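Visitor: I'd like a quick tour of this one. Where do we start?

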Amino acid sequence: MSLTDHVLFWDIDGTLLTTKRAGVFALEEAAREVCGATPDFSEMETAGLTDHEIAVVVVRECGGEESPETAASLLRAYERHLPERLGWRQGGPLPGVVEILEELTPREDVISLLLTGNTPAGAKAKLEHYGLADYFAGGAFCIDGDDRPGIARRALDVAAELAGASVDPDSTFVIGDTPHDVRCGQGIGARTVAVASGSYGLQELERCDPWLALEALPEPARFVELLMLDR
């Protein structure tokens, strides 16, 4: 891999796949286990938050001790319950995802990585459950306490290590479905691709000034054309 190659950083939830909110079942069980209470997730805005940020909100809503240790305990419980709970709903890859990844995987000039607010174990459970794990060479995840800018900076380090060279910002893309994804991509100088496949509409995403905004992922040839991956 060289400086001119393309690095694609993919968000998970709402971009690559949907769990149909099966992850909430794991969070509910974790909250009962760690805090002895269950918050009302229907009233909780979690789209775009890291798993650690979600854990902090859950602990607060349950009236638990707001400490890094409690949030970490809740995340470990969530990770234990998630693999089973994913089977409680009929989630899966979002439209266009598998087709694009199949198109890109054989290419030596394109590398797909993860840039996600999921913990490593949470990301692994989702990607393996829905058959997407083998498409990615690695990535950057939420380690307890990480915010999105910190995860994004680590993602660049992961890409550079795999490439054996610095990555070119003009050939680096962050693909996500929330304003949080757009801002974290902008923070590392990457080209941001906002896809209205999650809980945010196209106009909301366009207000964040992404490099490219899409209603949905297009068919593979059009995706390659839009990102100029053949140049």
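Guide: Surface first: accessible areas come from the Shrake-Rupley method with a 1.4 Å probe, and for residues only the protein chains shown count as cover. This is a predicted model, where local features need pLDDT of at least 70, side-chain atom pairs count only at pLDDT 80 or more, and totals for chains, interfaces and linings use all residues. Residues are numbered from 1 along each chain as its sequence is written, and side-chain values use heavy atoms, leaving out hydrogens and water.

Visitor: What share of the accessible surface belongs to carbon and sulfur atoms?

Guide: The protein's accessible surface adds up to about 10500 Å². The carbon and sulfur part of that is 48%.

Visitor: And how much of the protein is buried?

Guide: Buried here means under 20% relative accessible area (exposed is over 50%, partly exposed in between, with a 1.4 Å probe and protein chains only). Of the 231 residues, the buried ones make up 51%.

Visitor: How many disulfides are there?

Guide: The test is a pair of cysteine sulfur atoms within 2.5 Å. For Cys62, the nearest cysteine sulfur is that of Cys35, 4.6 Å away, so by that cut-off Cys62 is in no disulfide. Cys208 is in none either, with the sulfur of Cys184 its nearest at 12 Å. Searching the whole structure gives a count of zero.

Visitor: Is Cys62 buried or exposed?

Guide: Its relative accessibility is 14%. Because of that value, Cys62 counts as buried.

Visitor: Which class does Cys208 fall in?

Guide: Cys208 has 16% relative accessibility. That value is why Cys208 counts as buried.
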